[in-house]
Amino acid sequence: MPIARIDIPHGKPAAYGRTVADVVYETLRAVLNVPENDRFQIVSQHQVGDGLIIDPTYLGIERSADALIVQITLSEGRSVELKQAFYKTLADNLHDRIGLRREDLMINLVEVKKENWSFGNGIAQYV
Amino acid sequence: MPIARIDIPHGKPAAYGRTVADVVYETLRAVLNVPENDRFQIVSQHQVGDGLIIDPTYLGIERSADALIVQITLSEGRSVELKQAFYKTLADNLHDRIGLRREDLMINLVEVKKENWSFGNGIAQYV
Amino acid sequence: MPIARIDIPHGKPAAYGRTVADVVYETLRAVLNVPENDRFQIVSQHQVGDGLIIDPTYLGIERSADALIVQITLSEGRSVELKQAFYKTLADNLHDRIGLRREDLMINLVEVKKENWSFGNGIAQYV
């Protein structure tokens, strides 16, 4: 059910964005109890500084030109602890898989009601 | 008041995205009681599989390479029944107008407070 | 903490989008009490009429081909009065800095819980 908008720097290897998206999906599955195959993602590339503007020091975290943003719309109801586990695991997994510095991962969750989704056929499958 | 983000596959005819947007607007008008001319839309094209990643089978729905995502931010307060009618009518209308398979339409609604909009002149018109 | 998605017409001078983003950040700082360096923004250009579709008269406001959309995700809890001040000041500031007609500024706020952010290192810094 999540829609993930993944905004990454321009100029990375062809498979880079797709790999980030793979890891986001796998981590949603593993930590946030998202069902198998529940994968809807939009990956966009932007020129750093013009299209993707990320502060390099906010909260004392040193961010590089590799910094990216993962914004996920999902159904409401996950606990704070689950969200915290998701952030940590996603940072760890992206570090392991593509070498992303943990400082370079910005995550935001937008929560909506279960009735706010249609996955096809014009039906609200979660009602 | 809605802002509709419409993310479609790359490589469609020039008028395709605009027509999808026309149908989204018309269906919001007809079913969700959106006022005339209340139209604010962002249509983006993405390479399927790299930029637009949509599972081909989630919930047993067979999606094709034409699958697209319509994500709409709107004021809170519509009933579940109205949302369900919107999903069904949008799937029907896109099928009729551009031949989109009903399976290929993913819809998500994000609800906000009435005070969260300014339509120009720096004024919160709905307060 | 805000993520600002700024969608502007294609074909503006190179610095245009960045300047809009500067003004959005400065106005968030000045009016909505956003901390210094709390800046995360995504600026996208679109062909007017195809990618960026904005009604030219809704609510009696005459919009031009320069019209743009600023959609900001931020933590919940600002008062209506503060939001109204933000809309007015952003319209004034964009008018002063880049000559944007006040009619041409569409703003939308999406509010989320404080726990819904990670600014790096896989930590929910606001919990």
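Two strands are taken to pair if DSSP finds at least two bridges between them, and I begin with that criterion because the contact I want to show first depends on it. The model is a predicted one, and everything I say should be heard with that in mind.

In this model, β3(A) and strand β2 of chain C, residues 40-46, pair in the antiparallel sense over three bridges, and within that pairing A:Ile53 stands opposite C:Gln41 in β2(C).

Let me turn to a sheet that draws on several chains. Six strands form an open sheet with mixed pairing, in the order β6(A)-β5(B)-β4(B)-β1(B)-β2(B)-β3(C). Which strands stand at the edges? They are β6 of chain A, residues 117-118, and β3 of chain C, residues 52-54, and each has a single partner strand, so one side of each is left without a neighbour in the sheet. Inside chain B, strand β4, residues 68-75, and strand β5, residues 105-112, run parallel and are joined by eight bridges, with B:Glu111 in β5(B) as the bridge partner of B:Leu74.

Two helices of chain B lie across these strands. Helix α1, residues 16-31, lies across β1, β2 and β4 of chain B together with β3 of chain C, and runs at about 145° to β1(B), while helix α2, residues 80-98, lies across β6 of chain A together with β5 of chain B, at about 140° to β5(B).

For the packing of helices on each other I move to chain A, where α1, residues 16-32, and α2, residues 80-98, pack at an angle of about 145° with their axes 9 Å apart, and where α1(A) passes α2(A) in a right-handed crossing. By class, this contact has 13 nonpolar, four polar and two charged residues.

Now the interface: 33 residues of chain A are in contact with 27 residues of chain C. On the side of chain A that touches chain C, the largest share, eight residues, comes from α2(A), and by class that side has 16 nonpolar, six polar and 11 charged residues.

Finally, how are the copies related? Chain A can be laid on chain C with an RMSD of 0.0 Å by a turn of 120° and a shift of 0.0 Å along the axis, which is the relation of a three-fold axis. Of the residues of chain A, A:Val110 comes closest to the rotation axis, at 4.8 Å for its C-alpha. Only 3% of the interface residues of chain A are also interface residues in chain C, so the copies meet through different surfaces.

Technical notes. Residues are numbered from 1 along each chain as its sequence is written. Chains are lettered from A and ligands numbered from 1 in the order in which they are written. This is a predicted model: local features need pLDDT of at least 70, side-chain atom pairs count only at pLDDT 80 or more; totals for chains, interfaces and linings use all residues. Axes are lines fitted to C-alpha atoms, for helices over the stretch in contact, and angles run from 0 to 180 degrees between N-to-C directions. Helices (H or I, at least four residues) and strands (E, at least two) are DSSP runs, numbered from the N terminus. A crossing is left-handed if the near helix is turned anticlockwise from the far one by less than a right angle, and right-handed if clockwise. Ala, Val, Leu, Ile, Met, Phe, Trp, Tyr, Cys and Pro count as nonpolar, Asp, Glu, Lys and Arg as charged, and the others, Gly among them, as polar. Two residues are in contact if their C-beta atoms, placed from the backbone, lie within 7 Å. Copies are superposed by least squares on the C-alpha atoms of residues with pLDDT of at least 70 in both.
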